[in-house]
Amino acid sequence: MSTATLTIDIDALIANWRALDRMTTVETAAVVKADAYGLGIAPVARALADAGVRQFFVAVAEEGLALRRAIGPGPAISVFSGHMPGDADMLNQASLTPMINSVDQLLTHVEALPGHAFGVQLDTGMNRLGMEPAEWSALRDIALAQNPTLILSHLACADTPDHPMNAHQLAVFSEMTAGVDAPRSLAATGGVLLGPEYHFDLTRPGVGLYGGLPFVDARPVVTLDVPVIQVRDVVAGESVGYANAFVAAAPLRVATVAAGYADGLIRAMGAGATFTHAGKKLPVLGRVSMDLITVDVTTLHDMPEHLQLIGAHQSVDTVAGFAGTIGYEILTSLGGRYDRVYHAD
Ligand SMILES: *Cc1c(COP(=O)(O)O)cnc(C)c1O
């Protein structure tokens, strides 16, 4: 078999959820949008539900439907994009709760599904999703009279604790929701770490569950082992890979491993990236190809069957750094070709 193995440590996932939960005195939900950040929504959400998660969040109704099929009735499933045209049957069938973002969405919702639960998303300065203060003050009494399940907003700069935007959004959210009885939520992973005034009634971590920053104390969840297909010796002056991007200055051993940019190991990673074996760093040589990457294994005495890209020696965020991106993008780009293995003790 030449597909790479993506191992997902379910015990670490649960430990991360529990650790984030222990940092607050309020309920901790789980965000499982984008196929649980690329790790597989069904096994990830089932494990989280078994560990006690009662509320899940997804980005779009289609994800909510898939999630409902995976976890069955019971846990609440909220949809960040709200109620979009054509969603009514899905929302109804799968008992999904749209987080309403605008007057238009509220009208669509009460018309199509009168009496069906909804929450409200407020924009407190990010200018991405949610009702703005003027819109909300016009609608507030009507919306609150129908007992929304949740009033939420999202922080733009929570991964930068000192950023003044955090306190600003906290003040705006507090003002917009003053006197509201409905449960309130402002914090994702970054917001949990900002402290209790950001926690309100419910937190919504995503990336921290999967071992990513800004949760620095997260346990690593993902291991990516890529099979070595071929090994060759290269003499000084020979080139490796497309565009002759690497030229050997000295004799080298080159291993070709079976994953590439089609598997989410984005091409921008190229120079400066490393694989590891038993803790030893092994530089990537030349360009990342669609299905293959060439690695300098000159320092290895015996050739292992796999080289590791993500794992105990190199985090998702370290790999993201090779490509000038963030752990979120590496996780959610992890391709469909991997053999996903779920490990729990
Ligand atoms: C993605 C998302 C989250 C989870 O964010 P993390 O930074 O991954 O913890 C929470 N709330 C909203 C509105 C989101 O879009």
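## Close-up views of a predicted model

**View 1. A cavity holding about 50 Å³ of space.** The largest cavity has about 50 Å³ of space in it, and this is a predicted model. Searching the whole structure turns up 1 cavity of 30 Å³ or more. Its walls come from Gln121, Leu122, Asp123, Thr124, Met126, Arg128, Leu129, Ser153 and His154. Sort that lining by class and you get 3 nonpolar, 4 polar and 2 charged residues.

**View 2. Arg128 and Met290, the pair listed under "binding site".** Both names come from UniProt, where an unreviewed entry lists Arg128 and Met290 as "binding site". The two span 163 residues in sequence and their C-alpha atoms are 33.3 Å apart, so they don't gather at one spot. Arg128 from this set is part of the lining of the largest cavity. The next two views take the residues one at a time.

**View 3. Arg128 in its loop.** Arginine 128 sits in the loop that runs between β7 (119-121) and α7 (133-144). Is arginine 128 buried or exposed? Its relative accessibility is 53%, and since the cut-off for exposed is over 50%, arginine 128 counts as exposed. Leaving out residues up to four places away in sequence, arginine 128 touches Asp123 and His154. Asp123 and His154 also turn up in the lining of the largest cavity.

**View 4. Met290 in its loop.** Look for methionine 290 in the loop between β16 (280-285) and β17 (293-296). With 42% relative accessibility, methionine 290 counts as partly exposed. Which residues does methionine 290 touch, not counting those up to four places away in sequence? They are Gly260, Tyr261, Ala262, Asp263 and Arg337.

**View 5. The largest pocket, between the two domains.** This pocket holds about 600 Å³ of space. Why does it lie between domain 1 (10-210) and domain 2 (222-343)? Both domains give residues to its lining, so that is where it ends up. There are 28 lining residues, and Lys33, His154, Leu155, Ala188 and Tyr328 are the ones nearest the centre. Helices α2 (33-37), α9 (189-194) and α11 (327-333) each put in at least two residues, with α9 giving the largest share at 3 residues. By class, the lining breaks down into 16 nonpolar, 7 polar and 5 charged residues.

**View 6. Lys33 and Tyr242, the pair under "active site".** The label is UniProt's again: an unreviewed entry puts "active site" on Lys33 and Tyr242. They span 210 residues in sequence, with C-alpha atoms 35.4 Å apart, so this pair doesn't gather at one spot either. Of these residues, Lys33 belongs to the lining of the largest pocket.

**View 7. Lys33 on helix α2.** Lysine 33 is part of helix α2. A relative accessibility of 27% makes lysine 33 partly exposed. Setting aside residues up to four places away in sequence, lysine 33 touches Phe57, Val58, Ala59, Glu63 and Phe80.

**View 8. Tyr242 in its loop.** Tyrosine 242 is in the loop between β12 (239-240) and β13 (246-247). At 58% relative accessibility, tyrosine 242 counts as exposed. Apart from neighbours within four places in sequence, tyrosine 242 is in contact with Arg287 and Ser289.

**View 9. Where the two domains meet.** The domain assignment splits the protein chain into domain 1 (10-210) and domain 2 (222-343). Taken over C-alpha atoms, the domain centres are 37 Å apart. How many residues does each domain put into the contact? Domain 1 gives 10 residues and domain 2 gives 8 residues.

**View 10. The second largest pocket.** Here the volume is about 180 Å³. Its lining has 18 residues, of which Gly211, Ala218, Pro220, Ser315 and Val316 lie nearest the centre. That lining is made up of 11 nonpolar, 5 polar and 2 charged residues.

**View 11. His116 and its contacts.** Histidine 116 is in the loop between α6 (103-112) and β7. Its relative accessible area is 16%, and since buried means under 20%, histidine 116 counts as buried. Neighbours within four places in sequence aside, histidine 116 is in contact with Leu91, Asn92, Leu96, Pro98 and His109.

Terms used:
Residues numbered from 1 in each chain as written. Predicted model: local features only at pLDDT ≥ 70, side-chain atom pairs only at ≥ 80, totals over all residues. Heavy atoms only, no water. 1 Å grid on protein atoms, 1.4 Å probe; cavity = no way out; pocket = protein on both sides within 12 Å on 5 of 7 lines; lining within 4 Å. Points joined across faces, edges and corners; volume = space filled by probe spheres on them. Helix = DSSP H or I, 4+ residues; strand = E, 2+ residues; numbered from the N terminus. Nonpolar A, V, L, I, M, F, W, Y, C, P; charged D, E, K, R; others polar. Domains from an automatic or database assignment. UniProt positions renumbered as here; feature names shortened; annotations may be inferred. Buried < 20%, exposed > 50% of the residue type's maximum accessible area, 1.4 Å probe, protein only. Contact = heavy atoms within 4.5 Å.
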